[in-house]
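Me: I'm new to this one, so could you walk me through it slowly?
Reply: Gladly; here it is, and we can start with the aromatic side chains.
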Amino acid sequence: MQKRTLSKAIQIALYSTSAILPLASHAQTAAASEATTLEPVVVDSARQQNTGSYAVTEGTGRYTISTMRSSTGLPLSAKETPQSVTVVTQQQIQDQNLNTIAKVLDSTPGISVQAVDRGRNSFSSRGFAIDRQMVDGLNVNYEAAYGSGETKQVMAIYDHVEITRGATGLLSGTGEPSAQVNFIRKRAGRERRTVLQAGIDRYAAWNLMLDHTQPFTQDGRVRGRLVLSHSPKGKTFVDREKLQNTTLYGIVEADLSDSTQLSVGVSHQDERKRGVMWGGLPVLFDDGTLTDWPVDKNSSANWTRWDSKNTNYFVYLSQKLGSKWTLDFKANYRDAESDSKLFYFSGNTVRKADGLGWSPWPYNGHNSAKQSNVQLQATGSFEAWGREHDLTFGVQHSRRNRSSHAASGNTNVAPATNFFTWDGSYAEPTWGRMNLSDKVKQKETGVYAATRLRITDKFSTILGSRVSWFDHEGWNSGRINSYKVSSEWTPYAGLLYDITPNQTVYASYTRIFKPQNYYDANNKLLDPVRGNSYEIGWKGEFFNGGLTTQAAVFRTKQDNLAQSTGQYIAGVTPPTYAYRAAKGAKVDGFEIELAGNVTEDLKLGAGYTQWSGKDRDGKAINTTHPRKQFKLFASYDMHRLVPGLNVGAGVNWQGRTYTTTSNAATNGTIEYGEGSYAVANLMARYQISKNLSAQLNIDNLFNKKYRNQLSFSQYSYGEPRTVSATVRYEF
């Protein structure tokens, strides 16, 4: 099925190209003969252009956006959306040097980023993991246990990111009541434009980028964009670790008519890691005291590598139906794989006398994941009861195959050595035969609809409904786990009341349903999570929409919520945690956020989130996620004092995180984690000329030492103080 899907995508791309070329030739001839009659093109840079289904933030210089579609599929402003929403615009990405997905989400209010190890990250919001992401509104599955590189993708190919916090089953079908993250790809503009950018950080790690937009016809009806980002193999703050990343993105767009637009594109990422940690650093000494290793300590072997490739082929077709309706078709095929030779420091304890007490666990594996997604959606408005209302409805379908192979029967495995003097010079074993260790096939289909009904001038309601079908076939270390779910209903309801033209209060509700890929101690798949999510809040828009504000109170109730037992499943490779299903899990919390222009020169984004969560027995859940967070970043244009100078400053603060691990010295358990801490950041950009600018970013200004990974009964550290410089030339 996947090969047929890929073949079909390539056929569509070739057919589209063959259709575009004659059109381009005709358009050029027509433009040459009728140049004097062309209408002038006026671009209002103060508002986002709508290209395809999503707005464009590039070139606006703003920290806000006019409309988003990520919550319900309807084009709504932040004030019109009955959930907490955030956008990270292109200007914010550039100001804060947010060059990876992880950095973008780490800057977003209400989102927590934790390392799984040095190869992978996990994201969470409102106490729950963010287990699904979207690209241009299409669902993409990333499983941290089986992938590498996806959570560290570079942002060079994306225009902005839309985040909807809370349960989002209306469009995603399933997922935690945490947040839905929608990455919006860059589109091709009608004017020729080239950006050359070079950056370097304190570890002499380079990044080079070319971003070129090219109209193929004089009127820009056929156009393309090419983005190339390359980071040569460079060092990091971790000893002996090196990273390399190459990302390529291309898109061709054509206005086939005044009402029809076609987009065909491909993106490819190739990431290579050397000396990368799989797992972390041991928590305890044999006397039961907690360890405190140097920030650059690396538990990996020198021969380790972790390579990943991720390719996406996509086709979008948008058709206007009259003056009020649009029909959008989207298709994406994703092919991802990773090859790794890794070394795991097995154990949580080191003996003080000789640095032993642990076991080496070398691993050689290959993971492959292929996913195809299609979506057909109609959006428009209709008149009834003397008012105009909005409506969207559509169908989504996805197929996903994933498999993992691991070497077994490895020989010449060297014994452990003194961890105090560990320098990675550990002999590579003789690898055994590669065998299938894990395999999953999934199908998902959903039919959904949402409408905004304007009951009065001040009162409106958003009603939505989705019916989903799931089919899961899995094989894990000898055990078959399969299930089917038919006609699962997910309702959605939101009420909004405008107390003034600029202020709105709202309430919303949605049901939660989520099949899980977690296993219990007997290697049995946990039952799906079921529950309900509630939210009430207030939103405001000020300075003609330039500044948005919001405050929300939320509650989530769930059953069968997976909680780590802290123990591994016996006989499963690679090492996999066992989970238990928590009953009666409840999370309560609130959020406050504002973003946009406070004055003509001052832009900021800020937010505070706080939540508490317990299961039916009163036991705290998801303690590795911070209960409290505050994030702020502001930039100020200093043109009145120093023409061309823009400065910025920010701080990320989060509360305590913790978990437990076994303590052999006491035959019990011990708690470890990280207390509350803050990380400060600075930025300065100087516009040297009309085309040339230089920017300096300092992250973790005060060099705070903090743990950002609490898993595998181990830990690792976050980035210390990092200085990076960027030169950007546009013409």
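Me: Which residues form the one aromatic cluster?
Reply: Bearing in mind that this is a predicted model, the cluster is made up of Phe285, Trp293, Phe343, Phe345, Trp358, Phe419, Phe420, Trp422 and Tyr426.

Me: And how many aromatic pairs turn up in the whole structure?
Reply: The search finds 28 aromatic pairs. One of them is Trp278 with Tyr363, whose ring centres are 5.1 Å apart and whose planes meet at 25°, so this pair counts as stacked.

Me: Where do Trp278 and Tyr363 sit in the chain?
Reply: They link distant parts of the chain, 85 residues apart: Trp278 is in the loop between strand E15 (260-274) and strand E16 (281-282), while Tyr363 belongs to strand E21 (residues 359-384).

Me: Is Trp278 buried or exposed? And Tyr363, buried or exposed?
Reply: Trp278 is buried, because its relative accessible area is 8%, and Tyr363 is buried too, with a relative accessibility of 6%.

Me: Back to two members of that cluster: why is the pair of Phe343 and Tyr426 called tilted?
Reply: Because the planes of their rings lie at 55° to each other, with the ring centres 4.8 Å apart. This pair also links distant parts of the chain, since Phe343 is in strand E19 (residues 325-346) and Tyr426 is in the loop between strand E22 (387-408) and strand E23 (433-454), 83 residues apart. Both Phe343 and Tyr426 are buried.

Me: What about charges, which ones lie over the face of a ring?
Reply: Lys273 lies over the face of Trp306, at 5.5 Å from the ring centre, and Arg707 lies over the face of Tyr715, at 4.5 Å from the ring centre.

Me: Changing topic, how many cavities of 30 Å³ or more are there?
Reply: The count comes to 14 cavities of that volume or more, and the largest cavity has a volume of about 320 Å³.

Me: What lines the largest cavity?
Reply: Its lining has 29 residues, and those nearest the centre of the cavity are Thr86, Val87, Gln92, Glu593 and Ala595. By class, the lining consists of 14 nonpolar, 13 polar and two charged residues.

Me: Which strand gives the largest share of that lining?
Reply: That is E3, which contributes four residues. The strands that each supply at least two residues of the lining include strand E3 (85-88), strand E28 (547-559) and strand E31 (585-597).

Me: Now the strand pairing: which strands does E41 pair with?
Reply: Strand E41 (residues 722-730) is joined to strand E11 (residues 193-201) by seven bridges, and the two run antiparallel; in that pairing Ile200 stands opposite Ala725 in E41. E41 is also joined to E38 by eight bridges, again in an antiparallel arrangement, with Leu692 standing opposite Tyr729 in E41.

Me: You mentioned E38; what is notable about Asn700, in the loop between E38 and E39?
Reply: Asn700 has a positive phi of about 55° although it is not a glycine, and its loop runs between strand E38 (692-699) and strand E39 (707-711). Asn700 is buried, because its relative accessible area is 2%.

Me: And what about Asp136, what is its phi?
Reply: Phi of Asp136 is near 55°, a positive value in a residue other than glycine. Asp136 is in the loop between strand E7 (132-135) and strand E8 (138-141), and its relative accessibility is 3%, so Asp136 counts as buried.

Note on methods: Residues are numbered from 1 along each chain as its sequence is written. This is a predicted model: local features need pLDDT of at least 70, side-chain atom pairs count only at pLDDT 80 or more; totals for chains, interfaces and linings use all residues. Side-chain values use heavy atoms; hydrogens and water are left out. Buried means under 20% relative accessible area, exposed over 50%, partly exposed in between (1.4 Å probe, protein chains only). On a 1 Å grid over the protein atoms alone, a cavity is a set of points where a 1.4 Å probe fits but cannot get out, and a pocket is an open set with protein on both sides within 12 Å along at least five of seven lines; lining residues have an atom within 4 Å of a point. Grid points are joined across faces, edges and corners, and a volume is the space filled by probe spheres set on the points. Ala, Val, Leu, Ile, Met, Phe, Trp, Tyr, Cys and Pro count as nonpolar, Asp, Glu, Lys and Arg as charged, and the others, Gly among them, as polar. Two strands pair if DSSP finds at least two bridges between them. Rings of Phe, Tyr and Trp (its six-membered ring) pair if their centres lie within 6.5 Å; planes under 30 degrees apart count as stacked, over 60 as edge-to-face and the rest as tilted. A charge sits over a ring if NZ of Lys or CZ of Arg is within 6 Å of the ring centre and within 35 degrees of the ring normal.
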